[in-house]
Amino acid sequence: MTASNQLRDESTTFPDSTAHLMNRISSQLASQLSLVSLDGRRRPAPPALVVVAHGSRDPRALSTVRALLDKVRELRPGLPVRLGHIELNEPLLPDTLAALGTGEAVLVPLLLSRGYHVKRDIPEMAAAAPAHTRLSAALGPHPLLVDALYDRLVEAGWRTPADEAARRTTAVVLAAAGSRDPESKVDTGRTASLLSARLGVPVVPAYATTAAPTVPDALRALAADGRTRVAVASYFTAPGRFATEAATTAPWIASAPLGPHPSMARLLLHRYDQTLATPAPTTRALASA
């Protein structure tokens, strides 16, 4: 998959505020030009991308998600990008969908695995709205998530073990939220396997709630196996209680949540494109069948 290039400030002579303004103008111009075909006729607007976040009482979560959506807009000028929450934060998904009227939208869950929200909550909210919608798969597992996890670990101080002796004492705990849905554990386990192949050390999936093993249990098991150099990889989309609690258990380093990592923005667009390329009935058609 080839990602769009992000806008970059290449100015070396203008003040920051002027360069920022020029970037905004360029982005807006590109957005307008993308709506016009070569023969001068206006192209139909693409379906909106509605990113569906869970919601959090932690104020950092909302600002993080908004920063991620800004990166998506930079990568795809002209694409209508909206935000809707399942709970706890505004705008709630039903309100976002109501504002679209009878327009078209692709709902992309900002969720890392399959589970109740992807299978039940989001489809039910979409079916109750007048908009014509399609629902994408959850974000994970996917190699772009592994790219983001790897970069966050490096930012936290991760270094590849220098020799086999160091490798035998090193491991990573992939700290995820947890779900009662067995397919969620399958997805998280697959991501752990992909990350392990990237790092060259064992990666053990563990959970903050609901599922087992817990993060502390996974750390104790690794310590009993002689793994004394253990990092905690935060498999959360944004800061919050679970991410904070998981980080405090780390015996060595703990990475930051995935947040507005460029690979996260590219993955949201990939799921959007993938859904549009797959012939499927709309949510409303499914509801009325």
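**Two parallel sheets, strand by strand**

Student: In this predicted model, how many bridges join strand S5 (residues 170-176) to S6?

Tutor: Look at how S5 and S6 lie: they run parallel. One spot to click on is valine 172, which stands opposite valine 203 in S6. Count up the bridges joining the two strands and you get five.

Student: OK, so what is the strand order in that open sheet of three strands?

Tutor: Start with the edges: strand S6 (203-207) and strand S7 (229-234) stand there, each with a single partner strand, so one side of each is left without a neighbour in the sheet. The pairing is parallel, and the twist averages 30° from one strand to the next. Read across, the order is S6-S5-S7.

Student: Which strands does helix H5 (residues 143-156) lie across?

Tutor: Check the direction of H5 against S7 and you'll find about 125° between them. The strands that H5 lies across are S5 and S7.

Student: Now the sheet with four strands. Which strands stand at the edges, each with a single partner strand?

Tutor: This one is an open sheet too, with parallel pairing and the order S2-S1-S3-S4. An edge strand has a single partner, so one of its sides is left without a neighbour in the sheet. That description fits strand S2 (81-85) and S4.

Student: In S2, what is the bridge partner of alanine 53?

Tutor: S1 and S2 run parallel, with five bridges joining them. Helix H2 (residues 59-75) packs on the sheet there, touching S1 and S2, and its direction makes about 155° with that of S2. Follow alanine 53 across to S2 and its bridge partner is histidine 85.

Student: And S3, is it largely enclosed by the rest of the structure or left open?

Tutor: Strand S3 covers residues 104-109, and buried here means under 20% relative accessible area. Five of its six residues are buried, so S3 counts as largely enclosed.

Student: What is the bridge partner of alanine 48 in S3?

Tutor: Strand S1 (residues 48-53) pairs with S3 in the parallel sense, over five bridges. Go to alanine 48 and look across to S3, and the partner is alanine 105.

Student: Which helix makes a right-handed β-α-β unit with S3 and S4?

Tutor: S3 and strand S4 (residues 132-135) run parallel and are joined by four bridges. One of the pairs to look at is leucine 107, with its bridge partner leucine 135 in S4. The helix that completes the right-handed unit with these strands spans residues 116-127, and that's H4.

Terms used:
Residues are numbered from 1 along each chain as its sequence is written. This is a predicted model: local features need pLDDT of at least 70, side-chain atom pairs count only at pLDDT 80 or more; totals for chains, interfaces and linings use all residues. Side-chain values use heavy atoms; hydrogens and water are left out. Buried means under 20% relative accessible area, exposed over 50%, partly exposed in between (1.4 Å probe, protein chains only). Two strands pair if DSSP finds at least two bridges between them. A crossover is right-handed if, with the strands pointing away from the viewer, the path from the first strand over the helix to the second runs clockwise. Contact means heavy atoms within 4.5 Å. Axes are lines fitted to C-alpha atoms, for helices over the stretch in contact, and angles run from 0 to 180 degrees between N-to-C directions.
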